[in-house]
Amino acid sequence: MAKRNNGKREGGRREAGGGKRPADRERGGFKASRHGKASAAGPKAQQKLAAEQREKRGQQHTAHETSRFLRGQRIDPRRIDGKETVAELIEGTYLAYNAARLREACQLFTDKMLDGDVTVGLSITGALTPAGLAMSALIPLIEAGFVDWIISTGANLYHDTHFGLGLAMHRGNAQESDVVLREEGVVRIYDIFFDYDVLLSTDAFFRKIITGKEFQRPMSSAEFHNLAGKYVREREKALGIGQKSLLSAAYNAGVPIYTSSPGDSSIGMNIAAVTLDGNKLVLDPNLDVNETASIVLDAKRGGGRSGVMILGGGSPKNFMLQTEPQIHEVLGIDEKGHDYFLQITDARPDTGGLSGATPAEAVSWGKIDPDRLPDAVVCYLDSTVALPLLTSYAFARHEPRPLKRLFDRREKMMTRLRQEYEKSSAEPAESDHTDTKLPQHR
């Protein structure tokens, strides 16, 4: 701070005559900041001279290490020699830009979200399963207990089933003529090619199983996917191909899989088709909304925490995050928001394309606990690049966790949700929330 002498301030202030009062500036003319420390806002000529004098004296320059802004890891990466592991590469060389965000995402997931009391939800968008990412990354994460429940697009689950049925997907050239591919009976997902019969065979599989007796009723999408996963698992065993399907792996591990838009995929299209023949299967979105909310509430009320890992955005992201507003805003149950937020996306918030926007914006909706906002990372990167790296890092730095088998606990969790909802509904509403106030908000 500037010194006072007989009530007069000292420290480089100009006097009426135009001169400067004598004052020793720190570091060769740096102006004292409002915090009493040296600042780069001082006269540039004096700063330049001070630097030249330091160099002439051979004096080692020291930066402002005392500043709270300079407490981060020093940029001094390890040399890449091909002997480093994935974890060493991420920790030692991913130091800035989106590489640093990926490092932060890996460390948030491994160091905090994989604590034993954290329930981890995963949302999946983008054509990840056709690229084999279920087999390479998602299934290992499930089997290690690193993912406890999932919300996915129906398309990812449909294309995932191809592998469980022993059907082939191939690497291709995205520059090929789609007219020629159509004539050849080849379907393209960017640079993934497969025979048109893969679709027909998968459609036939789903139509066959959903006409079975156990499917003839309304159910949540999690129950449907669990039943479907059982049949995919049986097919895998019959073919002797091992664990290829995400649906199958989730069935084995008791991981519930929901889809936020049941009709928006070939699975939903086939369900709709057989209703024309009198089939009774209905995927009830009301059950999905309440069951997913009950998972989050149970995690919190059980003395634990809730973490979400979001691959992409879209409807699954919103469905994952709306669990908290469903609990406190709609059901009136006291709750603050998810504890951990990790998103990998290539979308931007300023164009309206980043579904659900940023973690900070999600706080305003009550989706994220504001006290836990530092435990939120958005990595602006392609999921197909980030997911394998994050998975490898997690396995290198964390032991597998016991399976929570949340699918088997659905009724118990729903009972807790109903009880808390009934309790909150029995309490009298505050005056600000009564009908007499409604006209003021029109």
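Guide: Two strands pair if DSSP finds at least two bridges between them. Keep that in mind for this predicted model.

Visitor: β7 and β9 pair over how many bridges?

Guide: The pairing of β7 with β9 (residues 192–195) is antiparallel. One partnership sets histidine 170 against phenylalanine 193 in β9. Pairing takes at least two bridges. For β7 and β9 the number of bridges is two.

Visitor: Which strands stand at the edges of that sheet?

Guide: The sheet is open and antiparallel, in the order β7-β9-β8. An edge strand here has a single partner, so one side of it is left without a neighbour in the sheet. The edge strands are β7 (170–171) and β8 (186–189).

Visitor: Helix α7 packs on this sheet. What angle does its direction make with that of β9?

Guide: Helix α7 covers residues 196–209. It touches β8 and β9. Its direction and that of β9 make an angle of about 65°.

Visitor: Now the six-stranded sheet. What is its strand order?

Guide: This sheet is open, and its pairing is parallel. β11 (257–258) and β15 (376–380) are the edge strands, each pairing on one side only. From edge to edge, the order is β11-β6-β5-β13-β14-β15.

Visitor: Which strands of that sheet does helix α3 touch?

Guide: Helix α3 spans residues 97–113 and packs on the sheet. Its direction makes about 140° with that of β15. The strands touched are β5, β13 (305–311), β14 (340–345) and β15.

Visitor: In β6, which residue is the bridge partner of glycine 121?

Guide: Strand β5 (residues 118–124) runs parallel to β6 (residues 149–152). Four bridges join them. Glycine 121 has as its partner in β6 tryptophan 149.

Visitor: Which residue in β15 does leucine 342 stand opposite?

Guide: β14 and β15 are parallel and share five bridges. β15 is mostly covered, with four of its five residues buried. Opposite leucine 342 in β15 stands valine 377.

Visitor: On to the helices. Is α4 oblique or parallel to α15?

Guide: The axes of α4 (residues 133–143) and α15 (residues 383–397) come within 10 Å and cross at roughly 40°. Roughly parallel would need an angle under 35 degrees. So α4 to α15 is oblique.

Visitor: How many nonpolar residues are in the contact of α4 with α15?

Guide: From α4 come Leu133, Ala137, Leu138, Pro140 and Leu141; from α15 come Thr384, Leu387, Pro388, Thr391 and Phe395. Two of the contact residues are polar and none is charged. The nonpolar count is eight.

Visitor: What is the handedness of the crossing of α4 and α15?

Guide: The two axes cross at roughly 40°. This crossing of α4 and α15 is left-handed.

Visitor: How does α4 lie against α9: roughly parallel or roughly perpendicular?

Guide: Helix α9 covers residues 246–253, and its axis comes within 10 Å of that of α4. They cross at roughly 10°. An angle under 35 degrees is the cut-off. Therefore α4 to α9 is roughly parallel.

Visitor: And how many charged residues are in the contact of α4 with α9?

Guide: Ala134, Leu138, Ile139 and Ile142 of α4 meet Leu246, Ala249, Ala250 and Ala253 of α9. The contact has eight nonpolar residues and no polar ones. The charged count is no residues.

Visitor: How many of the eleven residues of helix α5 are buried?

Guide: The buried residues of α5 (154–164) include Asn156, His159, Asp160 and His162. The helix is largely enclosed by the rest of the structure, because its buried count is ten.

Visitor: Which glycine just after α5 takes a positive phi?

Guide: The phi in question is about 80°. The residue is glycine 166.

Visitor: Is phenylalanine 224 buried or exposed?

Guide: Phenylalanine 224 lies in helix α8 (residues 221–239). Its contacts beyond four places in sequence include Phe206, Phe215, Ile267 and Leu281. Buried means under 20% relative accessible area. Phenylalanine 224 has 1%, so it counts as buried.

Visitor: How far apart in space are phenylalanine 224 and leucine 283?

Guide: In sequence they are 59 residues apart. They are also in contact. From C-alpha to C-alpha, the distance is 7.6 Å.

Visitor: Last one. What percentage of the chain's residues count as buried?

Guide: The chain has 16 helices and 15 strands. It runs to 442 residues. The buried share is 43%.

Note on methods
Residues are numbered from 1 along each chain as its sequence is written. This is a predicted model: local features need pLDDT of at least 70, side-chain atom pairs count only at pLDDT 80 or more; totals for chains, interfaces and linings use all residues. Side-chain values use heavy atoms; hydrogens and water are left out. Axes are lines fitted to C-alpha atoms, for helices over the stretch in contact, and angles run from 0 to 180 degrees between N-to-C directions. Angles under 35 degrees count as roughly parallel, over 145 as roughly antiparallel, 65 to 115 as roughly perpendicular and the rest as oblique. A crossing is left-handed if the near helix is turned anticlockwise from the far one by less than a right angle, and right-handed if clockwise. Contact means heavy atoms within 4.5 Å. Ala, Val, Leu, Ile, Met, Phe, Trp, Tyr, Cys and Pro count as nonpolar, Asp, Glu, Lys and Arg as charged, and the others, Gly among them, as polar. Buried means under 20% relative accessible area, exposed over 50%, partly exposed in between (1.4 Å probe, protein chains only).
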